[in-house]
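User: Please take a close look at one residue in the model below, and then carry the account outward to other parts of the structure. I would like a careful, connected answer.

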Amino acid sequence: MGKEYLGEFEELVLTMVGVLQKEAYGAAIAEEIEKRQDRNINISALHVTLYRLEDKGLIKSAFGGSTNERGGRRKRIYTVTNAGFVMLRRMKDGRLELWRLIPQLKMSGI
Amino acid sequence: MEIDPTTKDVRDMNDQIPQWPLKFLRAVCPDHLIEEIEGDLLQNFYKDHRKFGQRKARLRLTLNAIRYLRPEIIMRNKFSFQLINIMMLLNYFKLSLRNIRLSPLYSFINMFSLTIGLSSCLVIYLFISDELSFDSLHSNRSSVYRIYGVPHYSGNGTQKIALTNAWTGPSIAEDFPQVASFTRYWTQGKMTFTNGDDHLLINSVAAVDSTFLNIFDFNLQSGNRATALAEPNSVILTESTALKLFKNTDESLGRAITIQDTEYKITGILKDTPENSHLRFDALLSISTFGKNKMFSSTWEGSFLNTYLLLHDGADNKELESKLSDFWIRHTGIKDPDKGTTLQLQPLSDVHLQSTDMDHDYNNYRKFNGTYLKVFGITGIFILLIACVNFMNLTTARASYRWKEVGIRKSIGAKKTQLFGQFIFESTVMALLALVLAMLLDLFLIPFVNQLTGRQLLLSSLFAHPIQAGLLVAVTILLGLLTGIYPSFYMTSFNVTSVLKGGIKTQGRSIFQNSLVVLQFGLAIGLIIGTLVVTRQLSFMKNTDIGFTKDQIILVGMNGEVNKKLEVLRTEWLRNQSVSGVTASSQRLGTNLNGWGFKVKTDTGIYNFVPSNLNVDFDYLKVYGITLNDGRDFSREFLTDNGKAFIINETMARELNMKQPVGIPAGQSWYENDSLGAIIGVAKDFNYNSLYSKIGMLAIVCKPEWGYDEISIKIDGAHAKEIIPALKEVWDKNITTYPFTYSFLDEHVDNLYKSDQQMSSVISITAIFAIFISCMGLFGLVAITMNKKIKEIGIRKVLGATNFQISSMLSSSFTKLILISFVMICPVTYYLLFKWLESFSYRITMSPWLFLSGGLITIIIALLTISYHTIRSARENPVNALRYE
C-alpha cells in the first residue's frame with residue numbers, strides 16, 4: 001500500500017459507497033452522484049470503477065435482496081473496507097494539507 | 001423513491017423491455033456480474049420510463065448496454081476455453097520439440113520423408129496445373145472448337161486430321177446460325193522479312209482471318225483488334241519480331257515491310273505468345289492477302305490449314321457436329337459416305353492434352369499426352385502415401401517410449417481427448433514444418449525439373465492465388481490430422497496401471513503396422529517395375545530398326561531459289577570428304593506424310609485409293625538407306641522416272657494383293673487414265689511415322705518440278721556440328737534469298753517421344769524417391785524392433801545360435817512382408833503397364849523377368865538397409881542384454 005493512488009472518479013465512487021452505506025449499489029450510486037454533483041454518470045463506467053476498487057481491496061460486495069423494480073435482479077451492495085477507509089482518510093488529509101499551503105487569498109471587493 | 005413492486009405500472013413496463021440489448025449484455029459481461037448490471041440497467045429503465053416515456057427509455061437502455069462493450073468488462077470474463085487451450089498448445093509445442101530432440105533419428109526420418117513426399121507432390125502439382133493452364137488465357141475458351149477431319153480412306157485406317165481446307169470454315173459459318181465466328185490459321189513456315197537492307201528470317205509466320213483476335217485473346221499492344229487484319233497485305237508482328245526489325249515497337253506501327261516478295265503494312269504489335277498457348281507465331285498475315293493465290297482459292301484440294309469455330313453461347317456442339325456430314329455431302333456432292341471426310345469438333349481445352357492421336361497436327365506447341373497427367377497425379381499420391389506410412393509406422397512403433405508420459409498424464413487427470421489432441425497436434429506441427437522444408441527443397445528441385453522437362457515451372461505461382469496457398473496449408477493440416485489419428489489412438493488406448501507397471505513394453509508389431517509396410521513397399525515396387533518397363537520401351541523405340549538411317553543426317557530448309565540451285569549445291573557439298581550424300585524431299589520422315597489420291601490399273605479396271613505420299617529426289621533411297629525388296633531405285637537415266645515412276649512399300653504391295661507389282665501402271669489421282677506411269681520398285685517397310693502408328697501404304701515419287709521442302713545431307717564421321725560451317729559457306733555463296741537453317745534428323749525423331757521421355761523421367765525420379773523413403777522408414781522400424789527383441793536375441797545366443805542364424809531370423813520377417821507386397825502389386829502393375837504399352841504399335845513384351853528383377857532390386861535394397869541393424873544386434877554381446885534380468 002502507500003503507493004496506491006486513486007483517480008478522481010474512483011475517489012468519488014469510493015466516497016459515495018461510504019455515504020450510501022446499506023443502499024450502496026450501482027444504480028443508487030449513479031443517481032446519488034447525479035443528484036448531488038450534478039454530473040451525468042455513464043453506468044458502465046461506474047461498474048468498471050466499482051470492480052476496479054474491489055480488485056484493489058478498497059470495497060467489498062455482497063448480494064442484497066431483489067425487487068421487482070429491478071426486474072427481479074438482486075442488488076450487489078458495496079461496503080467500504082478498512083483499507084478503503086484508510087485510503088479515503090489519507091486522501092482527505094493530503095488534500096487538506098495542500099489546501100493549507102495555498103497562500104490565503106484576500107477576498108477583494110468586499 | 002420507493003416503488004411498489006406489484007403495481008400494474010411495473011408489470012406493463014416489463015413487456016416493453018427490449019430484449020436484444022440484454023442478450024448482448026449476457027454475451028459480453030462475465031457471468032458473475034451480469035445480474036447486478038442488468039438489475040441496475042433495468043432500474044434505470046423504469047425510472048426513465050416514468051420520466052421520459054417508453055421510447056426514450058428503450059433507447060437509453062440500448063445505448064447503456066452497448067457501452068458495456070469495453071475491455072475492462074470483457075476481460076473480466078473467464079476465458080476458460082480459449083485461454084487454457086492456448087496455454088496447452090504452447091505446452092504441446094514444447095513437448096513435440098522435446099520429443100524431436102530426444103529421438104533425433106526417428107524425427108529426422110519422419111520429417112525427411114514427409115518433406116520429400118510433399119516436395120515431389122508440389123512439383124507434380126505445379127506440372128499438372130501448368131499443363132492444364134494451356135490456352136486458358138482465352139475468355140472464349142469454352143465455346144471455341146477446332147475442326148478436324150476423319151477421312152474415309154481405304155488402307156490407312158482411321159486417321160484424325162487436324163487440318164481442313166480453306167473453304168470449310170467460311171461455309172460452316174454461313175450455313176449454321178449457331179456459329180458466331182470462325183478463323184483459319186495457315187502456317188507459312190519461315191519467311192524472309194525485309195526492312196530496307198535488312199533481311200531477316202522469321203521463324204513461324206501464319207496467315208489468319210481478321211476474326212482471329214476476336215476469338216483468341218492474344219494481347220494486342222497497339223493497333224486495332226477488330227480491323228488490324230481486315231485489309232489484304234496487313235501484318236501483325238509480335239514484340240520480339242518488331243524489335244528485331246526496328247529500334248522500338250512504336251516506330252514500327254504503320255510502316256511498310258517486304259515479306260518474301262510482297263509488300264505488307266504493319267497494323268499491330270502483339271505481345272509475344274505466352275508459353276502456355278498451343279498456337280505459337282512470330283507474325284500474323286491477313287489471310288485475305290492470299291485470296292488470289294491459286295492454292296488457296298482452289299478450296300477443294302487437300303487440307304492445309306487449321307480452322308477454329310466460335311459458337312454462340314449455349315449452342316450445342318454435338319448437334320452441330322451431327323449435321324456436318326450432311327453439310328459435307330451438300331457442298332461436295334460426294335454421295336458415298338465411305339469416300340468422304342467426317343468433320344468433327346475438338347474443344348479448345350482438349351487441343352493441348354487430347355491430341356496424341358491427331359495427325360498433321362503441326363500447330364500444337366508442346367503437345368502433351370493428357371493421360372500422363374493422371375499417371376503423374378497417381379505417383380504424387382503414392383509418394384505422399386509412402387511418406388505418411390513412415391510417419392504412422394514409426395510413431396506407432398515408438399509409442400512404447402512415450403507410454404510413461406501418457407501414463408503419468410493420465411494418472412494426474414488428463415482426459416483421453418486431451419492426450420489425443422496432443423498427439424494430433426504434434427503430427428500437424430510436423431506436417432506444417434515439413435511443408436516449409438518442402439518449399440525450401442523445391443527451390444533447388446524445380447530448376448532441375450524444368451531443365452529435364454523443358455518447362456518453366458515457378459514455385460511462386462503457388463502463391464499467385466490466396467485460395468490456392470490456403471488450400472495447400474489446409475491440405476497439409478489435413479494430412480497431419482489423418483496421419484496422426486492412428487498413432488494417437490494407439491498411444492492413448494492403454495490402461496494406466498499396466499503402462500505404469502511397464503507391462504506391455506514388449507508388444508510386437510501389429511497387423512496394422514505390417515499391412516502399412518506391405519502397402520508402402522507395394523507402391524515402391526510398382527513404381528520400380530513401372531520405371532523398368534517404361535525405360536525399356538523407350539530404349540526399344542530409340543534402338544529399334546525403323547528401316548532408314550536417322551543418324552548423321554542434317555536437314556536444311558529450302559525455298560524456290562534453293563530448289564533451282566539444288567544441283568549446284570549438291571555438287572559443291574559432295575566435294576567435302578565428310579559429305580556422303582545429298583538429297584531432298586517434300587516432307588520429313590517422322591511426321592505424318594500427306595495422303596494423296598493414287599490409282600492403279602488392274603485387270604478389272606482402275607483402282608483408286610489414298611496412300612501416304614512422298615516426293616523425293618533421285619538419291620533419296622540411297623541416302624536414307626532404304627532397301628528395295630524388288631525392282632529398282634529411281635534413276636536419272638530413265639526419262640520417265642521424272643514423275644512417272646513409283647516405288648511403293650511392302651504394305652501397299654500386300655494391300656494391292658498382286659503377285660508382281662513391279663511394272664503395273666499407276667499414277668497420282670489427277671493423272672489421266674491413259675497417261676499413267678508404272679510401279680518400278682517395292683521398298684522394304686520402314687517406319688516413316690512414329691512408332692505409335694503402324695506402317696501404312698506409301699507411294700514414293702520423284703518429280704523435282706513440284707519442288708522440295710527440305711534437303712537432307714548425309715554426313716560421315718561423328719562430328720556433324722563441325723561440318724556445318726563448311727556447308728554454310730557453300731550456301732551463302734550460292735543462295736541469296738533464303739538463309740541457311742539446319743536441324744538434325746535424330747533429334748527430330750527423338751522429339752516424337754518427348755511426352756514419353758518426360759513421363760519416364762518423372763516416374764524414375766519418383767520411383768527413386770519412393771524406394772528411398774520406404775527404406776528410411778524400414779530402417780527406423782527395424783531399429784525399434786531390434787530394441788524390443790534385444791532380450792530374445794540375447795537368450796538365443798546364450799543357447800548357441802550363430803550370428804548368421806540370428807541375422808537371417810531378424811531379416812526374414814521383413815523379407816516376408818516385401819514378398820507379400822510384391823505378389824499383391826504385380827497384377828495391378830501389369831494391368832496398368834499393359835494399357836500403356838497398348839498405345840504403341842511397336843512395343844516390348846513384358847517378360848516376367850522385368851517384374852522379378854523389380855522385386856529383387858527392392859528386396860536387396862531393403863535387406864541392405866536393415867542389415868546394419870540385424871548384423872549389429874546379432875553380434876552384440878548377450879551379456880549386455882541379459883545383465884539386468
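Where in chain B is the place of B:H748?

Analyst: In this predicted model, B:H748 sits in helix α26 of chain B, which covers residues 745-751. The residue has a relative accessibility of 13% and therefore counts as buried, the limit for that class being under 20%. Once residues up to four places away in sequence are set aside, B:H748 touches B:R588, B:L589, B:G590 and B:T591.

The domain division gives this a wider frame. Chain B is split into domain 1 (8-69), domain 2 (144-351), domain 3 (370-500 + 507-542 + 751-883) and domain 4 (560-737). The centres of domain 2 and domain 4 of chain B, taken over C-alpha atoms, are separated by 30 Å.

Another loop residue with contacts elsewhere in the chain is B:N276, found between β8 (262-270) and β9 (283-286) of chain B. Not counting residues up to four places away in sequence, B:N276 touches B:S133, B:F134, B:D135 and B:S136. B:N276 and B:R455 are 179 residues apart along the chain, while 10.0 Å separate their C-alpha atoms.

The loop between β8 and β9 also leads to the charged pairs of chain B. Side chains of opposite charge can pair when their charged atoms come close. Over all chains, the structure holds 37 salt bridges. One of these joins the side chains of B:D130 and B:R366, at 3.0 Å from N to O. This pair links distant parts of the chain, since B:D130 is in helix α7 (residues 104-132) and B:R366 is in the loop between β12 (358-359) and α15 (371-397), 236 residues apart. Both B:D130 and B:R366 are buried.

B:R366 also forms a salt bridge with B:E275, and here the closest N and O atoms are 2.7 Å apart. B:R366 lies in the loop between β12 and α15 and B:E275 in the loop between β8 and β9, so this pair ties together parts of chain B that are 91 residues apart in sequence. The burial classes of the two partners can be set side by side: B:R366 counts as buried because its relative accessibility is 17%, whereas B:E275, with a relative accessible area of 24%, is partly exposed. Salt bridges that share partners join B:D130, B:E131, B:E275, B:R280, B:R366 and B:R455 into one network.

A further salt bridge brings together the side chains of B:R184 and B:D209, at 2.8 Å from N to O. Here too distant parts of the chain are linked, with B:R184 in strand β3 (residues 179-195) and B:D209 in the loop between β4 (198-208) and α9 (212-215), 25 residues apart. B:R184 is buried at a relative accessible area of 10%, and B:D209 is buried at 9%.

Backbone geometry adds two residues to the account. B:N233, in the loop between β5 (220-223) and β6 (234-238) of chain B, has a positive phi of about 60° although it is not a glycine; its relative accessibility of 24% makes it partly exposed. B:Q260, in the loop between β7 (256-259) and β8 of chain B, is likewise not a glycine and has a positive phi of about 50°, and with a relative accessible area of 33% B:Q260 is partly exposed.

Towards the start of chain B, the place of B:P30 is in the loop between α2 (19-28) and α3 (31-52). B:P30 is buried, because its relative accessible area is 1%. Leaving aside neighbours within four places in sequence, B:P30 is in contact with B:I73, B:R76 and B:N77; the C-alpha atoms of B:P30 and B:I73 are separated by 7.3 Å, although the two residues are 43 residues apart along the chain.

The last part is the contact with chain A, which takes 22 residues from chain A and 26 residues from chain B. The area buried between the two chains is about 2,300 Å², and carbon and sulfur atoms give 48% of this area. A:Y51, A:E69 and A:R73 supply 28% of the area that chain A buries against chain B, more than any other three residues. Five salt bridges are found across the interface, among them the one between the side chains of A:R76 and B:E36, at 2.9 Å from N to O. The count of residue pairs in polar contact between the chains is 16. On the side of chain A that touches chain B, α2 (26-37), α3 (43-55) and β2 (74-80) of chain A each give two or more residues, and α3 of chain A gives the most, with eight residues. By class, this side has eight nonpolar, six polar and eight charged residues.

Note on methods
Residues are numbered from 1 along each chain as its sequence is written. Chains are lettered from A and ligands numbered from 1 in the order in which they are written. This is a predicted model: local features need pLDDT of at least 70, side-chain atom pairs count only at pLDDT 80 or more; totals for chains, interfaces and linings use all residues. Side-chain values use heavy atoms; hydrogens and water are left out. Helices (H or I, at least four residues) and strands (E, at least two) are DSSP runs, numbered from the N terminus. Buried means under 20% relative accessible area, exposed over 50%, partly exposed in between (1.4 Å probe, protein chains only). Contact means heavy atoms within 4.5 Å. Buried area is the accessible area (1.4 Å probe) that two parts lose on being put together, summed over both. A salt bridge is a side-chain nitrogen of Lys or Arg within 4 Å of a carboxyl oxygen of Asp or Glu. A polar contact is a pair of N or O atoms within 3.5 Å; within protein, one must be able to donate a hydrogen and the other to accept it, and residues adjacent in sequence count only if both atoms are side-chain atoms. Ala, Val, Leu, Ile, Met, Phe, Trp, Tyr, Cys and Pro count as nonpolar, Asp, Glu, Lys and Arg as charged, and the others, Gly among them, as polar. Domain bounds come from an automatic or database domain assignment.
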